[in-house]
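User: I should like to learn how to read the main features of a model such as this one. Could we go through them one at a time?

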Amino acid sequence: MAPESAEQPSLWDAAPADAEPVRAAPRILRVTDLNRRVRALLDNDPTLVDVWVEGEVSQPSFPPSGHCFFTLKDANSQIRAALFREELTRAAVRPEHGMNVIVHGRVRAYEPQGVYQLYVESITPAGAGDLHARYEALRSQLAAAGLFEDSRKRPIPRWPRRIGVVTSPVGAVWRDINNVLKRRYPLVELVLSPTVVQGATAAPAIVRALERLYAQEAIDTVILARGGGSLEDLWGFNDERVVKAVAASPVPIIVGVGHESDVTLADFAADLRAPTPSAAAELATPDATQLATILGRFRDRATTALIGRAADRRRFLEAEQRALVRLAPDIGAARQRTADLIDRGGRALDERLARRRASLDGTRDALRTLSPLATLERGYAIARRVDGRIVRDAAEVAAGEALQVVVARGTVDTRVEQARPHDDEELLR
Amino acid sequence: MIDEAKLAVLTDEELARHPFDELVVALQQTVQKLEAGSTGLEESIELYKQGLRLHAACETRLREAELTITELGRRGVTGAEAEG
């Protein structure tokens, strides 16, 4: 908020351009003009249009219009306050006499009556002690109802297409979420369901914003986020209605509220608690900068697999080839065997022939030995008588008898001179 | 989902318009199928080609992605608001 400075217009500086010089003659204003001028002054004060005030509620009234009017006071001072029906229905507490509260709203002038008052937008009980007590009470109540059970937690979708975001459309949180996702996972569609996130009106507004998102189709993940603040600032996220609405999310919901140390009841009811809104955006998405690496790894794996596959096939083919070779008839060996057989057959035949020939030769020799011709060849002779009988005994022939003496080559016709038996000496000669 | 039959008829441009997660899942499945080693060499080569196409499509999507933002109607625009 801009500090009060010299540039802040004073009542006099803000005089209309057509006003006459002040010192020349005092200008007479009508009451209406005066009140309008005061009102403009208050409306232009940046502090007064967005103010937090702590005080005690005094004498609240609830006319039939549904609005609520009361006096807010401290020990020394008081101011009229108005809480209109719409804000009243959303208020975390109903103003009661003597109640210490913190209100959020703006100061305006009410022209018809010439008064200024506090127009309250939200009202919460003052005093951290009160809030802490209520926080703890509600926490144990909702825990007992099972809203915080771990078994209720669902995993966050890994590849979201649409992410619903419930947060204030103005301020750093929405900007941070945008920046994180632009850098990290721009493939996603963000669906913003805007809401106020502060003050007593926050709770019902957050519930409505959540329900608007729940009515949308094809939302993968919901993020409920707001920046850090005091326990009072974050009170909306401890509201029972908000906690129940978070627990009722039809899709996984991430709650990222405040800074690391801030834990609201809505955090407990979420499927996942993020320490900050930016962290919520990160937890909701994969990191695209890592995705390129992961995708590259997929491609490498495919390449490796294909090369492996080709190598497998080659090994398979080689094995098949070896198997074929093993299984094929061995023609060379067969030929060798055949040749061997032929050789052996031939040799056997030869041997038989040789034996037969030898046998024949033997027979022939025997024949030749027995043949008279062979005997004649060795120098023996055959003596035949005229009638052809062979002479084997000298006593068979008489002197003067004609004999044919057959020798190896030719026949000699002879006549016997003398026949006698031979002695042993003659034979041995 | 993108299966082999669908992949065969899609042009690269059409493929790149598919949701990113479908592309990634299809790529993952293709790689796993390749790695399982139960496909013949011809089919493996086809799978590999598919893998390369899916990878390229993923990269295109990543490169050209721009964050889309939709804002739901503010107060009074949607039915849900009216009851508040």
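**Reading the helix, the interface, the sheets and the core**

Analyst: We may begin with a helix length check. At 1.5 Å a residue, the 24 residues of H4(B) should span 34 Å, and the end C-alpha atoms of H4(B) are 35 Å apart, which agrees. Please bear in mind that this is a predicted model.

User: Which residues of H4(B) are buried?

Analyst: The general idea comes first. An α-helix has 3.6 residues a turn, so residues three or four places apart point the same way. In H4(B), the buried residues include B:Ser44, B:Leu47, B:Tyr48, B:Gly51, B:Leu54, B:His55, B:Cys58 and B:Arg61.

User: What do the buried residues of H4(B) pack against?

Analyst: Their partners come from both chains: helix H9 (288-327) of chain A, and helix H1 (4-9), helix H2 (12-16) and H3 of chain B.

User: How should the interface be read, and how many residues of chain B are in contact with chain A?

Analyst: The size of an interface is often given as the accessible area lost when the parts come together. Here a residue count is used: 35 residues of chain B are in contact with 33 residues of chain A. On the chain B side, two or more residues come from each of helix H3 (20-36), helix H4 (41-64), strand S1 (68-71) and helix H5 (79-82). H4(B) gives the most, with 11 residues. By character, this side of chain B divides into 17 nonpolar, 10 polar and 8 charged residues.

User: How do strands pair, and which strand of chain A is joined to S1(B)?

Analyst: Strands of a sheet pair through backbone hydrogen bonds, either parallel or antiparallel. Strand S7 (residues 189-194) of chain A runs parallel to S1(B), and 4 bridges join the two. In this pairing, A:Glu189 stands opposite B:Thr68.

User: Where are the edges of the sheet S11-S12-S13 in chain A?

Analyst: This open sheet has 3 strands in the order S11-S12-S13, with antiparallel pairing. Strand S11 (382-385) and strand S13 (410-415) stand at the edges; each has a single partner strand, so one side of each is left without a neighbour in the sheet. The twist averages 30° from one strand to the next. Strand S12 (residues 402-407) is joined to S13(A) by 6 bridges, and A:Gln404 has A:Asp413 as its bridge partner.

User: Finally, which residues touch the most other members of the largest nonpolar core?

Analyst: Of its 86 residues, these are A:Ile206, A:Ile223, A:Leu224, A:Val246 and A:Ala266. Helix H5 (residues 202-214) of chain A supplies the largest share of this core, 8 residues. Beyond four places in sequence, A:Val246 touches residues including A:Leu224, A:Ile253 and A:Ala266.

Key. Residues are numbered from 1 along each chain as its sequence is written. Chains are lettered from A and ligands numbered from 1 in the order in which they are written. This is a predicted model: local features need pLDDT of at least 70, side-chain atom pairs count only at pLDDT 80 or more; totals for chains, interfaces and linings use all residues. A nonpolar core is a set of buried Ala, Val, Leu, Ile, Met, Phe, Trp, Tyr and Cys residues joined through C-beta atoms within 7 Å. A residue is buried if 20 or more other C-beta atoms lie within 10 Å of its own, exposed if 12 or fewer, and partly exposed in between; C-beta atoms are placed from the backbone. Two residues are in contact if their C-beta atoms, placed from the backbone, lie within 7 Å. Ala, Val, Leu, Ile, Met, Phe, Trp, Tyr, Cys and Pro count as nonpolar, Asp, Glu, Lys and Arg as charged, and the others, Gly among them, as polar. Two strands pair if DSSP finds at least two bridges between them. The expected span of a helix is 1.5 Å times one less than its number of residues. Axes are lines fitted to C-alpha atoms, for helices over the stretch in contact, and angles run from 0 to 180 degrees between N-to-C directions.
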